[in-house]
Amino acid sequence: FSAFDRLGQESSNIEGTGVGLLVTKNIVELMGGKIDFDKQKKQGATFWVELPLAAEQQQTTDLKRDKAAIEPIAHIGKKHILCVEDNPINQQLMSSFLTLYTDVNVWLAASAEQAWQLFEQRHFDLVLMDINLPDMDGIMLASKIRNLKTSQSTTPMLAVSAIATTDTIEEAQGLFEAYVTKPVDFELLRGLIQKYLG
């Protein structure tokens with residue numbers, strides 16, 4: 001598990017840098033687990049990972065438990081939020097967070113195509129947009145929305161993405177009201193929702 005140690009294969013034609021096991025060990029330990037191995041001479045080694053068992057849907061439970069700490073947005077009436085997110089776990093997390101607000105309808109789209117179809121059917125008061133989508137990236141979709149000849153082109157949009165590169169954030173400027181990186185700071189997101197729906 002030491003960095004750059006390839007057991008004498010450093011000069012061979014076998015690809016690798018010797019950091020994979022160290023990185024894996026660090027990630028496993030950050031999750032409260034451990035990694036170990038068993039070796040047998042001339043037969044190789046067996047590696048295994050042990051992780052603590054988490055309660056099912058722990059993130060959702062935590063959000064519901066903290067509901068009292070999140071004030072509902074005041075006096076916003078019946079609003080419609082479109083959440084464009086292709087990852088099912090992130091969809092569930094965002095849905096759970098948004099259900100903490102009263103008088104808000106949440107619409108989910110797993111692709112840019114689904115989001116566009118929903119946009120053609122109804123008016124949205126706010127869009128939460130992932131950037132990395134399976135068919136068209138969120139920046140291209142946002143640009144398409146901004147080029148509409150209707151009032152929908154001015155719909156407030158928040159980028160919510162794990163892509164935090166400077167180039168991507170700069171490319172998104174002018175299309176989104178704000179760029180929120182994952183893992184999501186829900187206190188920040190709460191403030192932005194209140195700002196653009198309140």
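A residue counts as buried when its relative accessible area is under 20%. Ala178 has a relative accessibility of 17%, and therefore it counts as buried. I begin with this residue, and I should say at once that the model before us is a predicted one.

Ala178 belongs to strand S7. What is Ala178 in contact with, once its neighbours within four places in sequence are left aside? The partners are Met157, Leu158, Ala159 and Leu192. For one of these partners, Ala159, I can add a distance: the two C-alpha atoms are separated by 6.3 Å, and the residues stand 19 apart along the chain.

Let me now step back to the chain as a whole. It contains seven helices and seven strands. Their order along the sequence is α-β-β-α-β-α-β-α-β-α-β-α-β-α. Of the 198 residues in the chain, 35% are buried. As for contacts in the chain between residues at least 6 apart in sequence, 60% of them join residues at least 24 apart.

I turn to the packing of helices. Two packed helices are described by the angle between their axes and the distance between the axes. The first case concerns helix H3, residues 88-98, and helix H7, residues 186-197. Their axes are 12 Å apart, and the packing angle is about 55 degrees. Roughly parallel would require an angle under 35 degrees, and roughly perpendicular one of 65 to 115. H3 and H7 are therefore oblique to each other. The crossing of H3 past H7 is right-handed.

Which residues meet between these two helices? From H3 come Leu93, Met94, Phe97 and Leu98, and from H7 come Phe186, Leu189, Arg190 and Ile193. Sorted by class, this contact of H3 with H7 comprises seven nonpolar residues, no polar ones and one charged residue.

Two of the residues just named also form an aromatic pair. A search of the whole structure finds four such pairs. In the pair of Phe97 and Phe186, the ring centres are 4.7 Å apart and the planes stand at 45 degrees, so the pair is tilted. The pair links distant parts of the chain, since Phe97 sits in helix H3 and Phe186 in helix H7, 89 residues apart. Are these two residues buried or exposed? Both Phe97 and Phe186 are buried. Elsewhere, Trp107, Phe119 and Phe124 make up one aromatic cluster.

Phe119 leads us to the second helix pair. Helix H4, residues 112-121, packs against H5 at an angle of about 20 degrees, with 10 Å between the axes. Because angles under 35 degrees count as roughly parallel, H4 is roughly parallel to H5. The crossing of H4 and H5 is right-handed. On the H4 side the contact is made by Ala112, Ala115, Trp116 and Phe119, and on the H5 side by Leu141, Lys144 and Ile145. By class, the contact of H4 with H5 has six nonpolar residues, no polar ones and one charged residue.

Another residue of helix H5, which spans residues 138-146, is Ser143. Ser143 has a relative accessible area of 27%, and it is therefore partly exposed. Its C-alpha atom is separated by 9.0 Å from that of Ala172, a residue 29 places away along the chain.

A similar description can be given for Asn26, in helix H1, residues 20-30. With a relative accessible area of 38%, Asn26 is partly exposed. From C-alpha to C-alpha, Asn26 and Phe1 are 9.7 Å apart in space, and they are 25 residues apart in sequence.

I close with two features of the backbone. The peptide bond that joins Lys182 and Pro183 is cis, with omega at about 0 degrees. Pro183 is located in the loop between strand S7, residues 178-181, and H7. That is the strand that holds Ala178, with which I began.

The second feature is at Lys42. Although Lys42 is not a glycine, it has a positive phi of about 65 degrees. Where does Lys42 lie? Its place is in the loop between strand S1, residues 34-40, and strand S2, residues 44-50. Lys42 counts as exposed, because its relative accessibility is 83% and the class begins over 50%. Ala178, in contrast, counts as buried.

Methods: Residues are numbered from 1 along each chain as its sequence is written. This is a predicted model: local features need pLDDT of at least 70, side-chain atom pairs count only at pLDDT 80 or more; totals for chains, interfaces and linings use all residues. Side-chain values use heavy atoms; hydrogens and water are left out. Axes are lines fitted to C-alpha atoms, for helices over the stretch in contact, and angles run from 0 to 180 degrees between N-to-C directions. Helices (H or I, at least four residues) and strands (E, at least two) are DSSP runs, numbered from the N terminus. Angles under 35 degrees count as roughly parallel, over 145 as roughly antiparallel, 65 to 115 as roughly perpendicular and the rest as oblique. A crossing is left-handed if the near helix is turned anticlockwise from the far one by less than a right angle, and right-handed if clockwise. Contact means heavy atoms within 4.5 Å. Ala, Val, Leu, Ile, Met, Phe, Trp, Tyr, Cys and Pro count as nonpolar, Asp, Glu, Lys and Arg as charged, and the others, Gly among them, as polar. Rings of Phe, Tyr and Trp (its six-membered ring) pair if their centres lie within 6.5 Å; planes under 30 degrees apart count as stacked, over 60 as edge-to-face and the rest as tilted. Buried means under 20% relative accessible area, exposed over 50%, partly exposed in between (1.4 Å probe, protein chains only).
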